[in-house]
Amino acid sequence: MRVAIQGCSHGALHSIYSTILASDARTSTTTDLLLLCGDFQAIRNEHDFPSMAVPAKYRQLGDFWEYYAGLRVAPVLTVVIGGNHECMAYMWELYHGGWLAPNIYYLGAAGSIYVNPTTSSPSRAIRLSGLSGIYKSFDYRRGHFESVPFNEKSVKSAYHVREYDVLKLKQLSRRKSNTVVDLFMSHDWPVTITRYGDESRLLQQKPFFRDEAKSGTLGSPPALELLHHLAPAYWFSAHLHVKFAALVAHDKPPSDARAPPPMQGAEVGNPDEIALDDSDEEKGGNPDEIDLDVDSDDEEPRDDVAESKPAEQTQPTTTSIPLESIDQVASLPETEAREKVHEVAGTDLEDVEHAKEAIVAEETMEEEGARLETRFLALDKCGFGRDFIQFMDIPTSGPSTGPPRLHFDPEWLTISRAFHSYLPLQHNATPPTPTQIQSAMSEARTYIQQNILDQPYDVQTLENGVTLQPLDVEQVQTICYTVAPHNAPEAVQPNQWFTNMQTEAFAAFIGVENKVNPLPAGAAPQ
């Protein structure tokens, strides 16, 4: 199975798909799966603008609305996670995951699915897990308190990673051997990951990373915990707009000691990567790309911000505010850039130490096993001359007879049911205790087995002749259009709250209520 991995998308779907099709034509191959590592920007129409953190003068529709409207169809199965530049109204509708457009699937705030290649013989399913958003310590232990309509603060805090979602991902079983292929996607990088790759070369490209990289505070502590807990075969990230590869040996817990850099060309080199002409970057690229290089404001919010006026009513301000875009930092003089990079991609040393302690404590409880390795790869944003896409081949057990299918991960279904009653929708969040988790997981495991896995299923055949298998995502979720696309005449007010029937369907599938965006009492399904 041929997989393409893309860094930040920034609304440039036409360019990304064109690059893939050109590579396929040049190499006489077919790309089966595309992974987009955040900053996807699923803008359906202009009324989605207030739910994305970007100054008004930089708002652009981008390409997604054409796929949402059916004017174009994604030519390759695409799986998306969220970053820090997203249409949060739409992403929140699909908190548990779902189809953003035909052939484009969002993993949710956190999620895990299986990608099953369509083969003539039993295939090897690949687990694909992911965490959306970026880490900010002041929101990490809060609940998902944000709601539509967003205000100028909540439109940003909505994409900050929450401990609740990380704790769910920690319930996934760890990879058992290096022969197992599983993939993980995050937007920001696991903290200290630069110590496992060619850090010197990275700092030549991004010299303003130096202080954070050398102090071990560049990146996300929760992502580091997940990296060592799950030990996936591959971990893909974006956010920092630079290509960087690393090799993590999990028998060596993270420390201040440097690990030897991997052989980047041999380990993660890309013979099929398309080298795009960099003669004049300003004149090329996608004219509809949403460029958020000036996004900002990630200071710790006050507790009263939930009562402030919605984002679309606020007035522009000239006040200096913290930054959240690497490209904006890069445009500053180096001394100032080095001071500002912490706001964009850094974290406190105390948070890093806590993450390391959690990893060491966990690994001392595990039995001696295989010496697992994770190949990490971060990629740039889409654009001329940028290393924004990578291709890799994952072996399957037989020749492909069609595009791969997405199947639910039974373990994630169990976790989603077990944690559902603890989903925090207020500012304060109280995570479940280990005893509560154990009890809830036991009940959920029995429920999923008896009510899903052991149940006969209705055989469905799609229009293209594909017969849906048990746990195929399309047995449960199909695209749901909650708002009209940009080219439709229907007027839709900005920042409206909608129930997405994919979320209703997923909740019903695992036997829980829809707490994210339930139907109002007496309302008919949309």
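Author: Two strands pair if DSSP finds at least two bridges between them; strands are DSSP runs of E (at least two residues) and helices runs of H or I (at least four), numbered from the N terminus. What you're looking at is a predicted model, where local features need pLDDT of at least 70 and side-chain atom pairs count only at pLDDT 80 or more, while totals for chains, interfaces and linings use all residues. Residues are numbered from 1 along each chain as its sequence is written, and side-chain values use heavy atoms, leaving out hydrogens and water.

Reader: OK, let's start with a hairpin. Which residue in the turn between β4 and β5 has a positive phi?

Author: β4 pairs with strand β5 (residues 104–106) in the antiparallel sense, over 3 bridges. In that pairing, Ala-101 stands opposite Ile-104 of β5. The hairpin leaves 2 residues between the strands, and the one with a positive phi, about 75 degrees, is Asn-103.

Reader: And the sheet around it? In what order do the 6 strands sit?

Author: The 6 strands make an open sheet, and their pairing is mixed. At its edges stand β4 (98–101) and β12 (389–393); each has a single partner strand, so one side of each has no neighbour in the sheet. Reading from the β4 edge across, the order is β4-β5-β3-β2-β1-β12.

Reader: Let's zoom in on two of those strands. Which residue of β3 does Leu-34 stand opposite?

Author: Leu-34 belongs to strand β2 (residues 33–36), which is joined to strand β3 (residues 77–80) by 4 bridges. Those two strands run parallel. Across from Leu-34, on the β3 side, you'll find Thr-78.

Reader: Is strand β1 mostly covered or mostly open, and how many of its residues are buried?

Author: Let's call a residue buried under 20% relative accessible area, exposed over 50% and partly exposed in between, with a 1.4 Å probe and protein chains only. One face of β1 holds Arg-2, Ala-4 and Gln-6, the other Val-3 and Ile-5, and both faces are covered. That leaves strand β1 (residues 2–6) mostly covered, with a buried count of 5 of 5.

Reader: So who are its partners? What residue in β12 stands opposite Val-3, and what is the bridge partner of Gln-6 in β2?

Author: On one flank, β1 and β12 pair in the antiparallel sense over 5 bridges, and there Val-3 stands opposite Met-392. On the β2 flank, 4 bridges join the strands, which run parallel. There Gln-6 has as its bridge partner Leu-36.

Reader: Switching to charges: how many salt bridges does the structure hold?

Author: Side chains of opposite charge can pair when their charged atoms come close. The rule used here asks for a side-chain nitrogen of Lys or Arg within 4 Å of a carboxyl oxygen of Asp or Glu. By that rule, the number of salt bridges is 16.

Reader: Which residue is linked with Arg-44 and Asp-48 in a network?

Author: Asp-48 and Arg-44 form a salt bridge, with the closest N and O atoms 2.9 Å apart. Both of these residues are buried. The network of salt bridges also takes in Glu-93.

Reader: What is the relative accessible area of Arg-162?

Author: Arg-162 meets Glu-146 in a salt bridge, 2.4 Å from N to O. The pair links distant parts of the chain, 16 residues apart: Glu-146 is in the loop between α4 (137–140) and α5 (154–157), and Arg-162 in the loop between α5 and α6 (163–169). Glu-146 counts as buried because its relative accessible area is 8%. Arg-162 is buried too, with a value of 1%.

Reader: And is Lys-214 buried or partly exposed?

Author: Lys-214 shares a salt bridge with Glu-199 (3.3 Å, N to O). It ties together distant parts of the chain, 15 residues apart, with Lys-214 in helix α8 (residues 210–215) and Glu-199 in helix α7 (residues 199–205). Glu-199 is buried at 6% relative accessible area. Lys-214, at 42% relative accessibility, counts as partly exposed.

Reader: Last one: how far apart in space are Val-181 and Arg-127?

Author: Val-181 sits in the loop between α6 and β8 (182–186). Its relative accessible area is 15%, which means Val-181 is buried. In sequence, Val-181 and Arg-127 are 54 residues apart, while in space the C-alpha to C-alpha distance is 7.4 Å.
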